[in-house]
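User: Please take a close look at one helix of this model and at the parts of the chain that surround it. I would like a connected account of which side chains are buried, what covers them, and how the neighbouring strands are arranged.

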Amino acid sequence: MVSDVHGNTKDLARAGEGADALVCLGDLVLFLDYADHSRGIFPDLFGEENADRLVELRTARRFDEARELGARLWAGIDRGPAIESAVRKQYAEMFAAFPTPTYATYGNVDMPTLWAEYAGPGTTVLDGARAEIGGRVFGFVGGGLRTPMRTPYEISDEEYAAKIEAVGEVDVLCTHIPPDVPELVYDTVARRFERGSRALLAAIHKTRPRYALFGHVHQPLTRRMRIGATECVNVGHFASSGRPWALEW
């Protein structure tokens, strides 16, 4: 089980060793590494100094200034094709590293429209859908909720809630973002609350899955906690740790 791969192809290739299946909860793309500002699509295009400045502004929640910086840098560049070309290069490497079988859903920085081109026959992509793995029913909901960051796969609260509803009762509920619980959504390094889902939290209370697994928050205040009968576990941040989380029964 991995989440928030963010370009770590080397460790991804070994993540499924000894397991019946690999489950990936999204964010394959590395746009900007907040720990190493020299890595990612942004510094490749605009240099590490500009990456330093962007991280500084975002960390300080000065999102308007961050957008102004981005607008100046992108001026004269056809943004869409430039980003898509870089993402395609990353996807080609990462999907090739997935073992068989892999079950995957999208993160908020992913581009879902491209996944079908790179997912091989051993990779099952699910979003608002269920799959049986090892005799247990897994439900998958990808993407994130809308934020000032404006990442590629952010959707409305209503659309997200509809996907949670479509999944229904499962043994293991797999999402990219966590339920909306302060201890699970606060990032101790970025020093901010990320967006969690109230619909997901309500579903956990209502359907009582055995596990609720997610990523998105890279350095959470709490990585694991119980909500009623459900064990909630943050299975990221794979990009920095390179270690998968094993679900056994």
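Analyst: In this predicted model, helix α7 spans residues 157-167, and its buried residues are Y160, K163, I164 and V167. These four lie on the same side of α7, because the arc that they cover around the axis is only 100°. The spacing follows a general rule: an α-helix has 3.6 residues a turn, so residues three or four places apart point the same way. The other side of α7 carries exposed residues, namely E158, E165 and A166.

The cover over the buried residues of α7 includes both strands and a helix. Among the strands are β4 (129-133), β5 (136-141) and β6 (144-145). Strands β7 (154-155) and β8 (172-175) also take part, and the helix is α9 (198-207). Two of these elements, α9 and β8, lead on to further detail below.

Directly after α7 comes G168, which has a positive phi, near 70°. G168 also links this region to α9 through a contact with T207, a residue of that helix. Apart from residues up to four places away in sequence, T207 touches G168 and E169. T207 has a relative accessibility of 17% and therefore counts as buried, the cut-off being under 20%. Its side chain also has a polar partner: the side chain of T207 reaches the backbone oxygen of A203 at 2.7 Å.

Strand β8, another part of the cover over α7, pairs with β11 in the parallel sense, over three bridges. Within this pairing, L173 stands opposite A212 of β11. Strand β11 covers residues 211-214, and its side chains go two ways: Y211 and L213 point one way, A212 and F214 the other. All four of these residues are buried. The alternation matches what is expected in general, since in a regular strand the side chains alternate between the two faces of the sheet.

β11 also pairs with β13 (residues 230-234), again in the parallel sense, here over four bridges. Y211 of β11 stands opposite E231 in β13. Strand β11 thus has parallel pairings with β8 and with β13.

Elsewhere in the chain, three strands form an open sheet with parallel pairing, in the order β1-β2-β3. Its edge strands, β1 (22-24) and β3 (123-125), each pair on one side only. On average, neighbouring strands of this sheet are turned by 20° against each other, direction ignored. Strand β2 (residues 102-104) runs parallel to β3 and is joined to it by three bridges; in one of the pairs, T102 has T123 of β3 as its bridge partner.

As for the setting of these parts, the chain contains 10 helices and 13 strands. Of its 249 residues, 50% count as buried. Among the contacts with a separation of 6 or more, 57% come from residues 24 or more positions apart. The C-alpha trace spans about 50 × 35 × 30 Å along its principal axes. The radius of gyration is 17 Å, which agrees with the value near 18 Å that a compact globule of 249 residues would have.

Technical notes:
Residues numbered from 1 in each chain as written. Predicted model: local features only at pLDDT ≥ 70, side-chain atom pairs only at ≥ 80, totals over all residues. Heavy atoms only, no water. Buried < 20%, exposed > 50% of the residue type's maximum accessible area, 1.4 Å probe, protein only. Arc of directions from axis to C-beta. Contact = heavy atoms within 4.5 Å. Polar contact = N/O pair within 3.5 Å; in protein donor to acceptor, adjacent residues only side chain to side chain. Pairing = 2+ DSSP bridges. Axes fitted to C-alpha atoms, helices over the stretch in contact; angles between N-to-C directions. Rg over C-alpha atoms; globule rule 2.2 N^0.38 Å.
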